[in-house]
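Hi,

Here is the structure I said I would pass along. Have a look at it first, and my notes follow underneath.

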Amino acid sequence: MKTLYIVDDHKMMQKGVKDYLEENTDWRVPKTFSQSQECLKALKDAGGRNELPQIVIVDVQLLNESGIALASQIARDFPSVKCVMYSMYDTAGYIMQAASAGVKGYISKVASEEELVRCLETVLSGKEYFEGKARGSLEKIEKVSPLLTRQEKRILEKLLQQKSNEEIAGELFISLHTVENYVSYIYDKLCVKSRAELEAAFG
């Protein structure tokens, strides 16, 4: 049996995806969750019964939580379970962060039901599925990654999430001056002069 869990803080979205899959495909959705800790506990319990789902669909942004952080923990603690991000955010920064977290699929919430099923089947087969724009952004990021240090990649990720320099400094626990220096290095390496140019380069 093909099974998956859904983690989304919008109950209607949970129900809509669950109902569509169970009525139109051979996927079954035994559990849905609004919070990451609920999902992790259920995975631990399911693992003890040897009943882990093959896939967990995770919303990128949960209520006061990061869906990408949850996906990263699932990849670490339950390596047989594959994560698919389902999101309204298709900016390159979120896609970059999701790929780094070990996510195997990334699809927009406005994609068709058929594309969602195609994504699930592709991921189940052991391949990755990044929807159109997400794939393009990821390919552009992969091309420039060798030019950047690890910290520059982390800051690029946040720049592409449209975070301010102040927000980046706070999230990475570094000074504003240090962030500004890194941003300057990134602009030079990627041959851009502004955030607008940077976002356009990965759009």
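V56 is a good place to start: its relative accessible area is 0%, so it counts as buried. Keep in mind throughout that this is a predicted model. V56 sits in strand β3, and its contacts beyond four places in sequence are Y5, V7, C39, L43, I74, V81, K82, C83 and V84. If you want a sense of scale, the C-alpha of V56 is 35 Å from that of V179, which is 123 residues away along the chain.

V56 also belongs to the largest nonpolar core, a set of 29 residues, where V7, V56, I74, M85 and Y106 have the most contacts. Several elements feed this core with at least two residues each: the strands β1 (2-7), β3 (55-59) and β6 (82-87), and the helices α2 (36-48), α3 (67-77), α4 (92-100) and α6 (132-144). The biggest contribution comes from α2, with 5 residues. I74 is worth clicking on too, since leaving out residues up to four places away, I74 touches C39, L40, L43, V56, P79, V81 and C83. There is another core apart from this one, made of 20 residues, including L172, V183, Y187 and L190.

On to the helix packing. How are α4 and α6 arranged, and how far apart are their axes? They pack at about 75°, with 9 Å between the axes, and that angle makes α4 roughly perpendicular to α6. On the α4 side you will find A92, I95, M96 and A99, which meet A134, S137, L138 and I141 of α6. By class, that contact has 7 nonpolar residues, 1 polar and no charged.

The other pair to look at is α1 (residues 11-24) with α5, which also pack at an angle of about 75°, with axes 11 Å apart. These two are therefore roughly perpendicular as well. V17, Y20 and L21 of α1 make the contact with E113, E114, L116, V117 and L120 of α5. Here the split is 6 nonpolar, no polar and 2 charged residues.

While you are at α5, a bit more on that helix. It covers residues 113-124, so 12 residues, and spans 17 Å from first C-alpha to last, close to the 16 Å expected at 1.5 Å a residue. Its buried residues are E115, L116, V117, C119, L120, T122 and V123. Just past the end of α5, G126 has a positive phi of about 100°.

Speaking of phi, two asparagines caught my eye. Most residues other than glycine have a negative phi. N50, though, has a positive phi of about 60° without being a glycine. It is in the loop between α2 and β3, and counts as exposed because its relative accessible area is 72%. N64 is the other one, a non-glycine residue with a positive phi near 60°. N64 falls in the loop between β4 (61-62) and β5 (65-66), and with a relative accessible area of 77% it is exposed.

L63 is in the loop between β4 and β5 too. Is L63 buried or exposed? Exposed, since its relative accessible area is 60%. Its C-alpha lies 8.7 Å from that of D8, although the two are 55 residues apart along the chain.

Finally, two loop residues that count as buried. Q161 is in the loop between α7 (150-159) and α8 (165-172), and its relative accessibility of 8% is why it counts as buried. Beyond four places in sequence, Q161 touches T91, G93, Y94 and Q97. S145 sits in the loop between α6 and α7. At 18% relative accessibility S145 still counts as buried, because the cut-off is under 20%. The C-alpha atoms of S145 and L156 are 10.0 Å apart, with their positions 11 residues apart along the chain.

That is what I have for now. Shout if you would like to go through any of it together.

Cheers

How values were computed: Residues are numbered from 1 along each chain as its sequence is written. This is a predicted model: local features need pLDDT of at least 70, side-chain atom pairs count only at pLDDT 80 or more; totals for chains, interfaces and linings use all residues. Side-chain values use heavy atoms; hydrogens and water are left out. Helices (H or I, at least four residues) and strands (E, at least two) are DSSP runs, numbered from the N terminus. The expected span of a helix is 1.5 Å times one less than its number of residues. Buried means under 20% relative accessible area, exposed over 50%, partly exposed in between (1.4 Å probe, protein chains only). A nonpolar core is a set of buried Ala, Val, Leu, Ile, Met, Phe, Trp, Tyr and Cys residues joined through side-chain atoms within 4.5 Å. Contact means heavy atoms within 4.5 Å. Axes are lines fitted to C-alpha atoms, for helices over the stretch in contact, and angles run from 0 to 180 degrees between N-to-C directions. Angles under 35 degrees count as roughly parallel, over 145 as roughly antiparallel, 65 to 115 as roughly perpendicular and the rest as oblique. Ala, Val, Leu, Ile, Met, Phe, Trp, Tyr, Cys and Pro count as nonpolar, Asp, Glu, Lys and Arg as charged, and the others, Gly among them, as polar.
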